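Biologist: Please take a close look at one part of this model, the surroundings of the first ligand. Then place that part in the rest of the chain.

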Amino acid sequence: MTKTPSKTVCIKTYGCQMNVYDAARMADVLAPLGYRPVTEPAEADMVLLNTCHIREKASEKVFSELGRLRQLRQVRIDRGLGRMVIGVAGCVAQAEGAELLARAPWVDLVLGPQTYHRLPEMLARLAREGGAQLDTDFPADPKFDHLPAPGPRGPSAFLSIQEGCDRFCTFCVVPYTRGAEVSRPAAAVLDEARALVDQGTTEITLLGQNVNAYHGDGPDDGAAWSLARLIRALAEIPGLTRLRYTTSHPRDLTDDLIAAHAEVPALMPFLHLPVQSGSDRILKAMNRGHTAEAYRRVVDRLRAARPDLALSSDFIVGFPGETEADFQDTLSLVRAVHFVQAYSFKYSPRPGTPAAARPGQVPDPIKGERLARLQEVLNTQQSLFNRQCVGQEMDVLLDRVGRRPGQLLGRSPWMQPVHVSAPAAILGRSCRVLIVDGQPNSLAGRLVTPATEPPSADADAAPAAAPTPTRIPA
Ligand code: SAH
Ligand code: SF4
Ligand code: F3S
């Protein structure tokens, strides 16, 4: 085989973790064509914007970025560096397709989340024929069957196991941009997990838009596996010490999944469980399929199974028809449940979704004011949890170099970023850390003993108690 010349690709990712996973998979697809990933668009022979359509702001960012890339392309041409290929991938590409090309005709490639395995063919056609290439199909055979084995991802990796969504919450574009819910076969997931672990990954976060609705074909008789069954099988892989999954829907939190939280030590005690609103009226209008009370019951059952489980959530304020009383219900739910982390958003009307056309759209200043009030409560809860961790010992997976010299950064079991003074040689290891400071957004800790080393004879035998999130007095 002739050696392919080295070219550079910059993939800029917006949006959710699934886009982060897709970006890494696109790099896997492009590697055999000789493309080496770079972080700066100015250094790239090809720039792919991996876009998000979830809110208007996210979506509009793409067009300002495309304007900048057009100028950058000209600069590269003027300097004799060749013509940069500009591509748009992800959910904006899927949603806007041809309109995107009409608005930004200098774009070469438009490809959706389900067609990036076809990048080599698209690039070949572009080289052969010129002109923009568009592929936003929902192919009958899933992309996963055509993707190469994953490259090295480092200590912590994402793994998409389910994609698309059949829930049709009335505010959400995902069912339209990602398509119908499809689960990958369990054997394919296990193979990909083993390939990641063989290359040094010790933590895997399973991804799906509605991941706990996972029902992939089982490896033996073809009978579907639930997420809980998959988690139990993954936990058997030697060297895979941490498992997480996201994003889950409160409606699909089954008994067997709750039992897995009690019984599978590798399953981390942190769960992102979006609730969106605490008002039953609004939850109904959102088509979420559960009440605030049902959400609280699920949380109670999870905490009974795993008492140190910490929760995070997503909230939307200013959904059409939301009154001050509805918003107060959201604040009450937050105070009752206690979240250690949260994402909260002003409702953004999205083209083609049912809620966008509804009466009772909430004026922006009211949305802004509610968002500020909600975030104040959520931030207080997060800060309190972080302060409560001070004095505790916990395992931290040190997966990044910190900003200060001699500092490594990792994640606690509860997803908090933890700064630790530590030698670079232990980067990538899970270490026992004593937490000495708790800031609103991160913790600082001191190394106790590298957790991956056998404990020394005089090591303190008593395991430290895990912090349990407490409730803020209402
Ligand atoms: N599948 C996940 C959410 C995916 S989108 C779930 O079911 O919860 C991530 C978050 O974006 C959502 O939880 C919601 O809080 C927010 N979001 C989605 N559509 C939105 C919109 N139109 N306006 C504002 N926020 C939105
Ligand atoms: Fe969107 Fe609802 Fe599906 Fe989540 S469950 S992706 S919010 S439609
Ligand atoms: Fe955005 Fe698509 Fe994810 S719309 S949130 S990138 S599924």
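Modeller: Start with ligand 1. The model is predicted. Ligand 1 has 15 residues around it, and F171, Q209, Q276, D314 and S348 come nearest.

Three polar contacts can be given with distances. A nitrogen atom of ligand 1 lies 3.0 Å from a backbone N or O atom of F171. The side chain of Q276 places an N or O atom 2.7 Å from an oxygen atom of ligand 1. For D314 the side-chain N or O atom is 2.6 Å from an oxygen atom of the ligand. Ligand 1 on its own has 540 Å² of accessible area, and the protein covers 89% of that.

Now the shell by secondary structure and by class. Two strands, β15 (310-317) and β16 (341-346), each supply at least two of its residues. D314 is one of the residues that come nearest, and its number falls within the range of β15 (310-317). By class, the shell around ligand 1 holds six nonpolar, four polar and five charged residues.

F171 leads on to the second ligand. The residues around ligand 2 include F171 too. With it come C165, R167, F168, C169, C172, V174, P175, H249 and R288. This shell divides into seven nonpolar residues, one polar and two charged.

Next, the nonpolar packing. In soluble globular proteins, nonpolar side chains tend to be buried together. Here the largest nonpolar core has 54 residues. Those that touch the most other members are I161, L206, L227, I231, L234, Y245 and L273. Take I161. Leaving out residues up to four places away in sequence, I161 touches V182, S183, R184, V189, L206, L207, V211, Y214, L227 and L230. L206 and L227 are thus among the contacts of I161, and both are also named with I161 among the core members that touch the most others. Another core, of 23 residues, lies apart from the largest one; L66, I86, L101 and A104 are among its members.

Last, a residue in a loop. A42 is found between β2 (35-37) and β3 (46-51). Its relative accessibility is 42%, so A42 counts as partly exposed; the class runs from 20% to 50%. Not counting residues up to four places away in sequence, A42 touches L72 and R76. A42 and H338 are 296 residues apart along the chain, and 44 Å separates their C-alpha atoms.

How values were computed. Residues are numbered from 1 along each chain as its sequence is written. Chains are lettered from A and ligands numbered from 1 in the order in which they are written. This is a predicted model: local features need pLDDT of at least 70, side-chain atom pairs count only at pLDDT 80 or more; totals for chains, interfaces and linings use all residues. Side-chain values use heavy atoms; hydrogens and water are left out. A residue is near a molecule or strand if one of its heavy atoms lies within 4 Å of it. A polar contact is a pair of N or O atoms within 3.5 Å; within protein, one must be able to donate a hydrogen and the other to accept it, and residues adjacent in sequence count only if both atoms are side-chain atoms. Accessible areas come from the Shrake-Rupley method with a 1.4 Å probe; for residues, only the protein chains shown count as cover. Helices (H or I, at least four residues) and strands (E, at least two) are DSSP runs, numbered from the N terminus. Ala, Val, Leu, Ile, Met, Phe, Trp, Tyr, Cys and Pro count as nonpolar, Asp, Glu, Lys and Arg as charged, and the others, Gly among them, as polar. A nonpolar core is a set of buried Ala, Val, Leu, Ile, Met, Phe, Trp, Tyr and Cys residues joined through side-chain atoms within 4.5 Å. Buried means under 20% relative accessible area, exposed over 50%, partly exposed in between (1.4 Å probe, protein chains only). Contact means heavy atoms within 4.5 Å.
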